[in-house]
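Welcome! Take a moment to turn the model around, and then let us walk through it together, strand by strand.

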Amino acid sequence: MTSPTANEVELRKRGRPRRPPNMAAALGSAMLAAALTLGSGVVAHAWPSDRYRAKPVEFFREILGVEPWEKQVEIIEAVRDNTRVAVKAGHKVSKSHTAAGVALWFYESFEDARVVMTSTTSRQVDQILWRELKKMHANAGRCVACKEENKRRALRFEAPLPKPCPHSFLPDGEPRELARTGLKATDFREVVGFTAREAEAVAGVSGHNLLYILDEATGIDRAIFEAIEGNRAGGARLLMFSNPTKTDGEFYDAFDAKKDFYKTISISSEDSPNVKTGQLVVPGLATREWVEEKKREWGADSALYAVRVKGEFVLNEVGKIISIHAIGEAEKRWFEVAPDTTSRLHVGIDPAGVGLDGDEGIYCFRRGLRMLGMLEFRGLTEDLYLHHLLEALKRHASPRELPPIVKVDREGSIGAKVFYRLRAHLDGLAEGTRPPFELVGVASSMNAMREPEVYGTVRDELWASAAQWIRDGGAIVTDSKLAKELHTPEWYTGVRNKQKVTSKDDLRKALQRSPDRADALCLAVWEVPSLMHPREPGAAPAPYEPPPVQVSAYDLPTGIDPYDLGGGGYT
């Protein structure tokens, strides 16, 4: 590498690039670019730059080659002008893209800059925030106009403009693979990322030019905010993004009790230029088709639409069995919770009739705290329910583990027929044959048996069990129908002060369908005490041992668990 030119040395002393006063003059600055060119063909530049410190939007356009849309500009300038900024937003409004761009701007614009990016999960930090930052860093070095010109050149099969283009510069450093190892400059400026669970790492960063960027801020513990607040005494700044899923905590307070101390910004998915124009103006942002789909699916007046599309807080979550925040956290955990191959496989089946226009028949699969997935069918006969179950168990179950526990809603004629068909299959096996599954029939309308002093029926206990499973760290697949079905039911007080779930008929009216997915999940996470096999953490699955006594479900009263003759469980 050649030695720095005198001009380059001067630029470094001044801390800012010698740039033309406008784009037109910049177009004629080829000689300047050539003078700054090193032997490798890379244009040198003195970072950090006080010019871009005052003009962050120009940094996006000239260095990152990104034309920010209206709400992005509002956020970018708010971070420049305020020490605390909170952004509540719907889905697909470029939150992560904006966060990554702001991180790079701060890193390249302030002496001794330190940026800490954090979120609730490692996936959100490494695979979303950090991946976005690495992409933007790799694509930097061409201004918006030259990127557009390169697109036209590609269509004409012409060579692209050089990088950096005459109006841009290459950013400092090279991002490492993971956020925690960061992006670091030789003068000790850096961008790093940690999950919010790593409180000590997040709190351990200090400096006089420090920016914290918190994504999914509603799920971040108050302890993190307390640590950040300590650093703010030394001048640290704070930028928060989140869907407004929770009505307590620091993020909610920023829009309520502490609104005088924050610059607050609200973004609805409906604000997207793609929605407003009905055309794909900005790839990746919410589209009109997506918004209309969610409006039909959730309802324009629903809490899910308010939070996930309009980006608004919902205050009537107190009576909900499972809140929007809990559902969102469970969806994010699905990417974090590894499949527990040592846990027994559970299957919940919510049957539907043979008519193609009726409800869906749902199979839900679960191991430990992770929902594995669902199968949906319409118009199945009892024989087909058995067929699809056996085929699914071939994919999900291992012959070396205890047989899966299959729990079937046996309410009504349809559920009873499916249950007895599965029971007949087990009863028809030759003596000593390893059964492909163990069967439990759940009669949800029966009086509660586990906590009869608290709940009215087994159905109420099923929903309480599902809510507790999610609180304990249960992870569910992202499915808009499932989310709506889990969020709709509420608790109310019934006769004798028993806790009751919204009736099935009322749920049908609210959803315009039966809550089949939620019912199947409730069954899948329902633990049957007599079929639980304790083991040490990390131990191999217990081998199958045939039960010493074979008892037919036909011989026992409805509501008794045929595998728990001591009365500890029920179906």
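## Two strands and their surroundings

Strands S2 (residues 113–119) and S5 (residues 209–214) pair in the parallel sense, with six bridges between them. Keep in mind as you look that this is a predicted model. One place to find this pairing is Met-117, whose bridge partner in S5 is Ile-213. S2 also has a parallel partner in strand S4 (residues 190–195), joined to it by six bridges. There, Thr-118 stands opposite Phe-194 of S4.

How enclosed is S2 by the rest of the structure? Six of its seven residues are buried, so S2 is largely enclosed. Here "buried" means that a residue has under 20% relative accessible area.

Now stay with Ile-213 for a moment. Beyond its neighbours within four places in sequence, Ile-213 is in contact with Val-115, Val-116, Met-117 and Thr-118, as well as Ala-99, Val-102, Ala-103, Leu-239 and Phe-241. Ile-213 and Met-117 both belong to the largest nonpolar core, which has 48 residues. They are among the residues with the most contacts inside that core, together with Phe-59, Val-102, Leu-133, Val-191 and Leu-239. Helix H7 (residues 95–109) supplies the largest share of this core, eight residues. A second, separate core holds 46 residues, including Met-374, Leu-462, Val-501 and Trp-526. In soluble globular proteins, nonpolar side chains tend to be buried together.

Further along the chain, please look for strand S11 (residues 405–409). All five of its residues are buried, so S11 is largely enclosed by the rest of the structure. Which way do these residues point from the strand? Ile-405, Lys-407 and Asp-409 point one way, while Val-406 and Val-408 point the other way. Lys-407 and Asp-409 are buried along with the others.

S11 has parallel partners too. Strand S8 (residues 345–350) is joined to S11 by four bridges and runs parallel to it; in this pairing, Val-347 has Val-406 of S11 as its bridge partner. Five bridges join S11 to strand S12 (residues 438–442), again in parallel, and the bridge partner of Val-408 in S12 is Gly-441.

Finally, follow the chain from S11 through helix H18 (residues 412–427) to S12: these three elements make a right-handed β-α-β unit.

Key:
Residues numbered from 1 in each chain as written. Predicted model: local features only at pLDDT ≥ 70, side-chain atom pairs only at ≥ 80, totals over all residues. Heavy atoms only, no water. Buried < 20%, exposed > 50% of the residue type's maximum accessible area, 1.4 Å probe, protein only. Helix = DSSP H or I, 4+ residues; strand = E, 2+ residues; numbered from the N terminus. Pairing = 2+ DSSP bridges. Right-handed = clockwise from strand over helix to strand, strands pointing away. Core = buried A, V, L, I, M, F, W, Y, C linked by side-chain atoms within 4.5 Å. Contact = heavy atoms within 4.5 Å.
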